[in-house]
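Hi everyone, thanks for coming. I'd like to walk you through some charged side chains and then one residue that sits among its neighbours. Let me put the structure up.

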Amino acid sequence: MAESQHPQQQQQLDASYPAPPEYFSLFTDENLARLANADADTATEDPTLKYLVPPPPPTEGTYTNFGRLWQVEDRLPTLAEQKISQLYPDGPIDRIAELKKLNHLVLFEFLDLVDVLIKDPSLYAARTERVREIFVNIHHLINEYRSHQAKETLKLMLRQQIDAKRRTTAAILSRCEELEQRIVALKIEASEVKTRLAASNSAAAGGPSKDDRAEEENKTSLPEDSASEPLPSMAKIADSGMKNILHSIQELKL
């Protein structure tokens, strides 16, 4: 199908927003019902239904997508596969040294190109092709580092995520420790308030105790100004303690 396409159709596939293929109009409800009732051999032999059967996924070689050729195996194509001369030796090499050599070579070729443009501009095509060839070799050497770069980038991202999670965990543990201390303090304060309330209730039920009588005697012996100042009762103390507990609980909720 791709080989028999009209040049105009191929040009449409190369566009940024290509038009749908011509056989899209065959995907009608009637044809889809026929395809559902037909077997595989009948569908592939039928001149209409064969366009409705999806092709098998490619397993090797190349495939075409929107007018561009892609390799099934995701790998860096060699310069020979791209029909470009390789300007560095095969096998294990020092890529940094080879990149420096190619960098010096492209500078030399650029100066030669400038000289050609001055003396005989009609010969510029060969020189520009030579410069392009050198740049392709440089890019190919750099692209061979992409897999290593991807691994190192992934390691860096994982380290950053681990450090962020550790900082978050430490902050949560610190906050939990603060809350535990607050809860212990609230329990102690609640126990003291409970003890005060129990003492106040027992004193109200059984009449004035010896301590209360002694306190009354002290009041009578105090000067008039001191006796006129009311002392805080146990109920007020308990009410103040409960207010503090409720305020602390609201802070914990926030």
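**Salt bridges, and one asparagine**

Let's begin in helix H6, where Glu178 and Arg175 both sit, three residues apart, or about one turn of the helix. Please keep in mind throughout that this is a predicted model. The side chains of these two, Glu178 and Arg175, meet in a salt bridge, with an N to O distance of 3.1 Å. How accessible are they? Glu178 has a relative accessibility of 39% and counts as partly exposed; Arg175, at 47%, is partly exposed as well.

From there, let me turn to a network. Glu109, Asp112, Arg127, Arg130 and Glu133 are joined into one by salt bridges that share partners. One pair in it is Glu109 with Arg127, whose side chains form a salt bridge at 3.9 Å, N to O. Because Glu109 belongs to helix H4 and Arg127 to helix H5, this pair ties together parts that are 18 residues apart in sequence. For those of you who like cut-offs, the rule asks for a side-chain nitrogen of Lys or Arg within 4 Å of a carboxyl oxygen of Asp or Glu, and the 3.9 Å of this pair meets it.

Is each partner here buried or partly exposed? Glu109 is buried, at 7% relative accessibility, while Arg127 is partly exposed at 30%.

Now for a pair with a wider span in the sequence. Glu144 makes a salt bridge with Arg95, and their closest N and O atoms are 2.7 Å apart. Glu144 is in the loop between helix H5 (124–143) and helix H6 (146–206), and Arg95 is in helix H4 (residues 95–119), so the bridge ties together parts 49 residues apart in sequence. Glu144 is partly exposed, its relative accessible area being 28%. Arg95 is partly exposed too, also with 28%.

So how many salt bridges does the rule give? The count comes to eleven.

Let me finish with a residue from helix H5, namely Asn137. Is Asn137 buried or exposed? Its relative accessibility is 0%, so Asn137 counts as buried. And what does Asn137 touch, once we set aside residues up to four places away in sequence? The contacts are Leu79, Ile84, Ser85, Gln86, Leu87, Tyr88 and Leu102.

That's my tour. Thanks for listening, and I'm happy to go back to any of these pairs on the screen.

Conventions. Residues numbered from 1 in each chain as written. Predicted model: local features only at pLDDT ≥ 70, side-chain atom pairs only at ≥ 80, totals over all residues. Heavy atoms only, no water. Helix = DSSP H or I, 4+ residues; strand = E, 2+ residues; numbered from the N terminus. Buried < 20%, exposed > 50% of the residue type's maximum accessible area, 1.4 Å probe, protein only. Contact = heavy atoms within 4.5 Å.
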